[in-house]
Amino acid sequence: RMLAEPEQPDAVREVMKVRMATAEAGIQVFRGRLRESATTSFEKLKQAFSPGRVPLLQEDKKLGAAIFLLPKTVEEEKLEKPSRPFLHWLLFGLTFLTTTWAGAAHQGVNLLREPERFAVGLPYSLGLLAILGVHELGHYFMARHHGIKVTPPYFIPLPFALGTFGAFIQMRSPSETRRALFDVAVAGPLAGLVIAIPALLIGLRTSAILPPDVIQAPGFAGGTSAGSSVLFALLAKLSFGDALEFGHVVRLSPLAFAGWLGIFITGLNLLPIGTLDGGHAARAMFG
């Protein structure tokens with residue numbers, strides 16, 4: 001329903017020339033031009049309505065800006081649902097099992113037939129889980145730093161191929177500013193690279209360089225081109241020096257493959273698409 005002028009809070013009218021005001025399901029929405037900057041207006045709204053109501057301030061393409069007033073009970077019911085620690089630990093445990101199985105399978109070991117050889121899959125499993133976990137914890141702690149409520153990481157097990165679909169966290173309260181959203185978005189990839197790059201460098205020490213004649217032999221499989229990315233090329237050249245020449249490929253050890261995969265996943269995450277980290281960063285930068 002439309003809100004008449006006497007029903008519109010003074011705090012809202014102080015920061016906005018209200019052109020349209022509506023209410024639905026306990027949420028009030030006001031649209032119009034701000035009288036001051038968005039930052040100043042938002043701070044005034046927070047002071048005026050805390051702690052009973054939660055104000056949100058967003059751009060409105062037609063009328064300039066939109067102010068949303070959510071009752072705290074509505075915001076908590078819709079967003080701030082409590083997490084279930086048991087579920088997070090269960091998913092982590094299952095992902096540890098599936099990545100260990102995948103790591104062993106990459107080495108030609110079937111753990112269903114030879115479960116005693118599970119240690120073969122640990123370098124890949126532990127390396128990849130460390131990269132994914134630190135990536136998500138980067139998001140988690142940066143969100144907490146900005147006062148955003150988030151869940152612990154959800155790991156996604158996959159009983160074949162790479163052993164996992166990755167991990168994610170959920171935001172349970174709105175991001176107050178674009179800077180906060182940007183910081184949360186980029187913290188994950190940066191934190192993940194802190195683990196992925198050393199893991200790749202350490203893993204390259206036990207990796208093998210294969211010359212062109214081996215690559216062209218019938219039945220060859222399992223090499224990675226040093227030119228698959230600029231970063232990988234630099235790290236491979238740093239590790240192997242003059243031993244790595246044009247046309248050679250690298251047969252990655254399990255830990256090196258986990259590091260390479262971590263860098264690849266980070267690159268995909270930074271694409272400015274949807275709910276990927278790059279999508280959040282682009283939305284924070286450009287609206």
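**Exercise 1. The sheet of strands 7, 8 and 9**

Determine in what order the 3 strands of the open sheet lie, and which strands stand at the edges.

*Solution.* Step 1: the open sheet consists of 3 strands in the order 7-9-8, with antiparallel pairing. Two strands count as paired if DSSP finds at least two bridges between them; strands (E, at least two residues) and helices (H or I, at least four residues) are DSSP runs, numbered from the N terminus.

Step 2: strand 7 (208–210) and strand 8 (224–225) each have a single partner strand, so they stand at the edges and one side of each is left without a neighbour in the sheet.

Step 3: strand 8 is joined to strand 9 (residues 249–251) by 2 bridges, and the two run antiparallel. Ser225 has Val249 of strand 9 as its bridge partner.

The model examined here is predicted: local features need pLDDT of at least 70, side-chain atom pairs count only at pLDDT 80 or more, and totals for chains, interfaces and linings use all residues. Residues are numbered from 1 along each chain as its sequence is written, and side-chain values use heavy atoms, with hydrogens and water left out.

**Exercise 2. The pairing around strand 4**

State how many bridges join strand 4 to strand 2 and how many join strand 4 to strand 3.

*Solution.* Step 1: strand 2 and strand 4 run antiparallel and are joined by 5 bridges. Within this pairing, Phe30 has Ile67 of strand 4 as its bridge partner.

Step 2: strand 3 (residues 53–60) pairs with strand 4 in the antiparallel sense over 8 bridges. Here Leu57 stands opposite Ile67. The connection between strand 3 and strand 4 is a hairpin of 3 residues.

Step 3: strand 4 (residues 64–71) is mostly covered, since 7 of its 8 residues are buried (buried means under 20% relative accessible area, exposed over 50%, partly exposed in between, with a 1.4 Å probe and protein chains only).

Step 4: Gln58 belongs to strand 3 and, at 46% relative accessibility, counts as partly exposed. Leaving aside its neighbours within four places in sequence, Gln58 is in contact with Ala65, Ala66 and Phe68, where contact means heavy atoms within 4.5 Å.

**Exercise 3. Two alanines with positive phi**

Find where Ala25 and Ala161 are placed, and decide whether each is exposed or partly exposed.

*Solution.* Step 1: Ala25 is in the loop between strand 1 (16–24) and strand 2 (27–34). Its phi is near 55°, a positive value in a residue other than glycine. At 70% relative accessibility, Ala25 is exposed.

Step 2: Ala161 is in the loop between strand 5 and strand 6. The hairpin of these strands has 6 residues between them, and Ala161 takes a positive phi near 55° there. With a relative accessible area of 45%, Ala161 is partly exposed.

Step 3: strand 5 (residues 154–157) and strand 6 (residues 164–168) run antiparallel and are joined by 4 bridges. In this pair, Ile156 stands opposite Gly166 of strand 6.

**Exercise 4. The packing of helix 4 and helix 5**

Describe at what angle helix 4 and helix 5 pack and which residues make the contact.

*Solution.* Step 1: helix 4 (residues 85–106) and helix 5 (residues 122–145) pack at about 135°, and their axes are 7 Å apart. Axes are lines fitted to C-alpha atoms, for helices over the stretch in contact, and angles run from 0 to 180 degrees between N-to-C directions.

Step 2: helix 4 is therefore oblique to helix 5; angles under 35 degrees count as roughly parallel, over 145 as roughly antiparallel, 65 to 115 as roughly perpendicular and the rest as oblique.

Step 3: helix 4 contributes residues including Phe92, Phe96 and His106, and helix 5 residues including Leu122, Tyr124 and Leu129.

**Exercise 5. Two histidines**

Establish whether His135 and His146 are buried or partly exposed.

*Solution.* Step 1: His135 is in helix 5 and is buried, with a relative accessible area of 6%. Apart from neighbours within four places in sequence, His135 is in contact with Gly188, Pro189, Gly192, Asn269 and Asp277.

Step 2: His146 lies in the loop between helix 5 and strand 5. At 27% relative accessibility, His146 is partly exposed. Apart from neighbours within four places in sequence, His146 is in contact with Ala180 and Asp183.

Step 3: His146 and Arg179 are 33 residues apart along the chain, and their C-alpha atoms are separated by 9.5 Å.
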